[in-house]
Amino acid sequence: MTWLVTGGAGYIGAHVLRALTAAGHAVVAFDDLSSGVAARVPDGVPLVVGAVTDRRAVAAALRRHAAAGVVHLAARKSPLESVRRPAWYHRENVGGTQSVLAAMAATGVRRLVFASSAAVYGQVTAAAVDEGAPTRPINPYGASKLACERRIAEAGVAWVALRFFNVAGSGDPRLGDREATNLVPIAVAAARAGRPLAVTGTDFDTPDGTGVRDYVHVEDVADAHAAAVAHLCRTPVAGAVYNVGTGRGHSVLDVVRGVEAVAGCPIERTLHPRRPGDPASVVADAGRIQRELGWRASRGLTEMVTSAWHCWSPRLTADAAP
Ligand SMILES: NC(=O)c1ccc[n+]([C@@H]2O[C@H](COP(=O)([O-])OP(=O)(O)OC[C@H]3O[C@@H](n4cnc5c(N)ncnc54)[C@H](O)[C@@H]3O)[C@@H](O)[C@H]2O)c1
Ligand SMILES: O=c1ccn([C@@H]2O[C@H](COP(=O)(O)OP(=O)(O)O[C@H]3O[C@H](CO)[C@@H](O)[C@H](O)[C@H]3O)[C@@H](O)[C@H]2O)c(=O)[nH]1
C-alpha cells in the first residue's frame, strides 16, 4: 500500500517517511520545499514538488503513485507567526487540507492521517488534557488545525487526527528541526553560539513561572504515524482523534537545564514578557492512543536535547539570532 506524505521534506515528515518504510509501506513525499529540504527525503523515495493548495497537483500525485492513503503534514506551524498573519495561516492550513480532501475525493483515496496539534485546546486548565477536553484555540494556528479536523470529520473518509504536543529531538543528525522557531533548537543554538536565550514569559501560573509543555521525541511521533496507518489499514471506516505526548510537563527552565547538561556550560537567560497567544501549561493525557493503538512515547527529555544538540548547524544559529 502506498502512502502520500505531504510535508515529507519537513522535520517531522522526514521521520515519518522512515517509520512508514520500516513498517513495510511504500511512501511518496509531496512538498513545496517552502520550509522543507529535499535532502531529507530518503534515497529511493519519490519527491513530488508541489503545493497542497493545488488540488490538481495533489490528485495527479495520488493517481500517478496509486496511493491508498495520505499522511497530511504540510502546513505552517508557528503559533506566534499565526497571530501576525492569520489569513495566510487559514489559507495555507485550512485551504491546503480542503484541497487534499478534494483531491482524495476525485481519486477515490479514502484513508487520511492528519497532523493536528495540542494548540486546538488553547488555555488548558487540567493538569493533563484528554481528547474530550474543550477545544478553544487561543491563536489562529490552533484555530486552523481545529477547522481542518472538522472538515476532515465531515469528508466521508476514514481518518485519524494526531494532536502532537511539542515535538523535539531527531532520529539522525541530518534530520533535525532547522527552522529554530521552537524552544529546543533555539536553546541548542544559544548554547552553541554562547548567546543568551530569551525566556518569553516568567509570570505564568506554573511552578517556576515559565511555560510548561509536553515535549515528545520526533521518533516517537513518527512511530505514532505508523500505528495510525496500521489502524487505518485494519479499520478503513475509523474516525478518531489522539493526543501524541508523553504525559509529562517540562518548563522552559527545565529544557534550558537539560541543554546546559549536554553542552557542559551555562546558558545566559534574558527575561521577556509573554508572547501573544501563548498558553501557560499544556500537557497530554495520552491514555487513549495507548489503549486503542498500542502506542506510547518511549524517549525522554534527555534523548530529545541530546539528539537536538547533535544536529545543530551554523544556520540554526543565524536563524535564531535576535
Ligand atoms: N513541530 C511541532 O512541534 C509540531 C507540533 C504539533 C503539530 N505540528 C504539525 O506537524 C506538521 C509538520 O511540522 P514540522 O515541525 O515538520 O514543520 P516543517 O516546517 O519542518 O514541515 C512542514 C513541511 O511542509 C511543507 N509545506 C508547508 N506548506 C506547504 C504547502 N502549502 N504545500 C506543500 N508543502 C508545504 C514544508 O516545505 C515543510 O517541508 C505541521 O502540520 C505542524 O503544524 C508540529
Ligand atoms: O525563544 C524562546 C522560544 C520559546 N520559549 C517558550 O518555550 C515554550 C515552547 O514554545 P515553542 O517551542 O515555540 O512551542 P509552542 O508555542 O508551544 O508551539 C509548538 O507546540 C505546539 C503543540 O503544543 C505545536 O502545534 C506548534 O506547531 C509548535 O510550534 C513556550 O512557553 C515559549 O514561550 C521561550 O521561552 N523562548
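Colleague: Which residues of helix α10 (residues 301-310) are buried?

Modeller: Leu301, Met304, Val305, Ser307, Ala308 and Trp309 are the buried ones in α10. Buried means under 20% relative accessible area, exposed means over 50%, and partly exposed lies in between (1.4 Å probe, protein chains only). This is a predicted model: local features need pLDDT of at least 70, side-chain atom pairs count only at pLDDT 80 or more, and totals for chains, interfaces and linings use all residues. Residues are numbered from 1 along each chain as its sequence is written, chains are lettered from A and ligands numbered from 1 in the order in which they are written, and side-chain values use heavy atoms, with hydrogens and water left out.

Colleague: What covers the buried residues of α10?

Modeller: The cover includes two helices, α6 (183-193) and α8 (252-263), along with strands β7 (166-168), β10 (215-217) and β12. Helices (H or I, at least four residues) and strands (E, at least two) are DSSP runs, numbered from the N terminus.

Colleague: What makes Ser251 count as buried?

Modeller: Its relative accessible area is 4%, and the limit is under 20%, so Ser251 is buried. Ser251 sits in strand β12 (residues 250-251).

Colleague: Which side chain makes a polar contact with the side chain of Ser251?

Modeller: That of Asp208, at 2.6 Å. The limit is 3.5 Å between N or O atoms; within protein, one must be able to donate a hydrogen and the other to accept it, and residues adjacent in sequence count only if both atoms are side-chain atoms. Asp208 also appears among the contacts of Ser251, with Thr210, Gly211 and Val212, once neighbours within four places in sequence are left aside. Contact means heavy atoms within 4.5 Å.

Colleague: Is Ile289 buried or exposed, and how do you know?

Modeller: Its relative accessible area is 0%, so Ile289 is buried. Ile289 belongs to helix α9 (residues 287-293). Not counting residues up to four places away in sequence, Ile289 touches Leu162, Ala224, Tyr242, Asn243, Val244, Gly294 and Trp295.

Colleague: Why is Glu92 called partly exposed?

Modeller: Its relative accessibility is 23%, which falls between 20% and 50%, so Glu92 is partly exposed. Glu92 is a residue of helix α4. Beyond four places in sequence, Glu92 touches Thr53 and Arg76. Gly247 is 155 residues from Glu92 in sequence, and their C-alpha atoms are 30 Å apart.

Colleague: What makes Ser99 count as buried?

Modeller: At 7% relative accessible area, Ser99 is under the limit, so Ser99 is buried. Ser99 lies in α4 (residues 86-107). With neighbours within four places left aside, Ser99 is in contact with Val52, Thr53, Asp54 and Arg55.

Colleague: Why are α2 and α4 called oblique to each other?

Modeller: Helix α2 (residues 55-64) packs on α4 at about 45°, with the axes 8 Å apart. Under 35 degrees counts as roughly parallel, over 145 as roughly antiparallel, 65 to 115 as roughly perpendicular, and the rest as oblique. The angle falls in that last group, so α2 and α4 are oblique. Axes are lines fitted to C-alpha atoms, for helices over the stretch in contact, and angles run from 0 to 180 degrees between N-to-C directions.

Colleague: Which residues make the contact of α2 with α4?

Modeller: Arg55, Val58, Ala59, Leu62 and Arg63 of α2 meet Ser99, Ala102, Ala103, Met104, Ala106 and Thr107 of α4. By class, that is 7 nonpolar, 2 polar and 2 charged residues. Ala, Val, Leu, Ile, Met, Phe, Trp, Tyr, Cys and Pro count as nonpolar, Asp, Glu, Lys and Arg as charged, and the others, Gly among them, as polar.

Colleague: What makes α4 and α5 roughly parallel?

Modeller: α4 and helix α5 (residues 140-153) pack at about 20°, with axes 9 Å apart. That angle is under 35 degrees, so α4 and α5 are roughly parallel. Pro86, Tyr89, Asn93, Val94, Thr97, Gln98 and Leu101 of α4 meet Pro140, Tyr141, Ser144, Ala147, Cys148, Arg151 and Ile152 of α5. The contact has 9 nonpolar, 4 polar and 1 charged residues.

Colleague: Why is α1 called oblique to α7?

Modeller: The axes of helix α1 (residues 11-22) and helix α7 (residues 218-234) come within 8 Å and cross at roughly 55°. That angle lies outside the named ranges, so α1 is oblique to α7. The contact of α1 with α7 has 10 nonpolar, 2 polar and 2 charged residues.
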